[in-house]
Amino acid sequence: MINETIGWVGNILFAICGIPQVIKTYRSKSAKDLSLLFLWLWMSGELLTFVYILIGDWETGIAHFPLYFNYIANIFMATYLIWAKYTYPKKHSTK
């Protein structure tokens with residue numbers, strides 16, 4: 001039980017790490033300071049690790065729900081930030 005609690009707390013903390021950046025980007029409608037390479041590497045790493053965990057869990061019959069929560073949350077945040085990186089500069093050009 002303690003291991004499960006530690007897993008949930010740790011993964012919730014990891015999952016909320018991107019929230020301040022998402023909020024800042026949403027409010028400012030600017031993603032100019034975000035590295036596109038970083039965003040794509042982050043998204044790729046989250047997706048590949050999530051698939052790895054799902055396959056491993058399917059093979060062992062063990063479900064790691066805290067990890068699912070973390071990776072799904074991060075995939076959504078990375079997706080939004082990538083979308084913002086491509087969209088906001090076009091909408092709010094100062095030229």
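## Nonpolar surface patch

Trp8, Val9, Ile12, Leu13, Ile16, Ile19, Ile23, Phe65 and Phe69 make a nonpolar surface patch of about 770 Å²; patches are made of residues with over 30% relative accessible area and no salt bridge (a side-chain nitrogen of Lys or Arg within 4 Å of a carboxyl oxygen of Asp or Glu), nonpolar side chains being joined within 5 Å, and areas come from the Shrake-Rupley method with a 1.4 Å probe. Helix H1 (2–16), helix H2 (19–28) and H4 each give two or more residues to the patch, and H1 gives the most, with five. Phenylalanine 65, which lies in helix H4, is partly exposed at a relative accessible area of 49%, where that term covers values between buried (under 20%) and exposed (over 50%).

## Basis of the model

This is a predicted model, in which local features need pLDDT of at least 70 and side-chain atom pairs count only at pLDDT 80 or more, while totals for chains, interfaces and linings use all residues. Residues are numbered from 1 along each chain as its sequence is written, and side-chain values use heavy atoms, leaving out hydrogens and water.

## Nonpolar core

The largest nonpolar core, a set of buried Ala, Val, Leu, Ile, Met, Phe, Trp, Tyr and Cys residues joined through side-chain atoms within 4.5 Å, has 18 residues, and Leu39, Trp42, Tyr80 and Leu81 have the most contacts inside it. Ten residues, the largest share of this core, come from H4. Leucine 81 touches Gln21, Val22, Thr25, Leu34, Leu39 and Trp42 (heavy atoms within 4.5 Å), with residues up to four places away in sequence not counted.

## Overall form

The protein has four helices and zero strands, helices being DSSP runs of H or I with at least four residues and strands runs of E with at least two. Along its principal axes, the C-alpha trace spans about 55 × 25 × 15 Å.

Technical notes
Buried < 20%, exposed > 50% of the residue type's maximum accessible area, 1.4 Å probe, protein only. Patch = residues over 30% accessible without salt bridge, like charges linked within 9 Å, V, L, I, M, F, W, Y side chains within 5 Å.
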